[in-house]
Amino acid sequence: MDWITEAKRLFRMEKPEHFTNYRHCEECEEHDQTLIGATLDSIGLEELGNPGWDPICFATNEGKKYYMPALIRLSLETLDNDFYFAQLLFHLEYDGENNDLFLSCSPEQRAFIGSFIEFFILSHVEALEQNYSDSEALRAYEIWSKTP
């Protein structure tokens with residue numbers, strides 16, 4: 001499957017005017033500006049690669065869905081080095097079945113993300129284990145593979 005093309009199809013939407021509650025504080029405003037200033041194709045590890053300073057943590061569900069194709073791309077591009085997929089798993093498993101992102105996605109979007117996680121579990125076992133992400137992948141898969 002061409003994961004990136006399919007993600008762009010399923011998550012196609014207008015770019016949000018704002019991605020965070022930018023009036024909340026300076027940090028929210030900075031993360032908002034980072035996400036506003038990038039595109040699906042330009043955003044990378046420079047903007048998203050630090051788990052301690054991750055703008056996606058502050059993004060609205062619409063903002064996360066807008067950037068989902070980029071998160072899929074980064075997960076695939078960093079298999080052998082920075083392993084962004086571990087950060088993506090954090091967002092996908094956050095708050096378990098009450099995950100706001102999960103609840104805001106359509107059944108087709110949920111199935112796609114579940115399939116993407118399954119692809120990693122089946123095809124990249126060694127990378128998951130080396131990055132201590134195998135348990136997280138299984139937990140995220142349990143959430144995202146459920147039918148609504």
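This briefing describes the helices, the nonpolar core, two cysteines and the largest pocket of one structure. The structure is a predicted model, in which local features need pLDDT of at least 70 and side-chain atom pairs count only at pLDDT 80 or more, while totals for chains, interfaces and linings use all residues. Residues are numbered from 1 along each chain as its sequence is written, and side-chain values use heavy atoms, with hydrogens and water left out.

**Helix H1**

- Helices here are DSSP runs (H or I, at least four residues) numbered from the N terminus, and in helix H1, which spans residues 3-10, the buried residues (under 20% relative accessible area, with a 1.4 Å probe and protein chains only) are Trp3, Ala7 and Leu10.
- Seen down the axis of H1, these buried residues fall within an arc of 70° (taken from the directions from the helix axis to the C-beta atoms), so they line one face of the helix.
- Among what covers the buried residues of H1 are helix H4 (61-77) and helix H7 (107-123).

**The nonpolar core**

- A nonpolar core is a set of buried Ala, Val, Leu, Ile, Met, Phe, Trp, Tyr and Cys residues joined through side-chain atoms within 4.5 Å, and the largest one has 41 residues, of which Tyr67, Met68, Phe85, Leu88, Leu92 and Trp144 touch the most other members.
- The largest share of this core, seven residues, comes from H4.
- Leaving aside neighbours within four places in sequence, Leu88 is in contact (heavy atoms within 4.5 Å) with Met68, Leu71, Ile72, Ser75 and Phe116.

**Phe119**

- Phe119 lies in helix H7 and, at 23% relative accessibility, counts as partly exposed (between the buried limit and the exposed one, which is over 50%).
- Leaving aside neighbours within four places in sequence, Phe119 is in contact with Trp3, Leu76 and His124.

**Cysteines**

- With a disulfide taken as a pair of cysteine sulfur atoms within 2.5 Å, the count comes to zero disulfides.
- Cys25 is in no disulfide, and the nearest cysteine sulfur, that of Cys28, is 3.6 Å away.
- Cys25 is partly exposed, with a relative accessible area of 29%, whereas Cys28 counts as buried at 7% relative accessibility.

**The largest pocket**

- The largest pocket is lined by 13 residues, of which Cys57, Asn61, Lys64, Tyr94 and Asp100 lie nearest its centre.
- On a 1 Å grid over the protein atoms alone, a pocket is an open set of points where a 1.4 Å probe fits, with protein on both sides within 12 Å along at least five of seven lines, and lining residues have an atom within 4 Å of a point.

Terms used. Helices (H or I, at least four residues) and strands (E, at least two) are DSSP runs, numbered from the N terminus.
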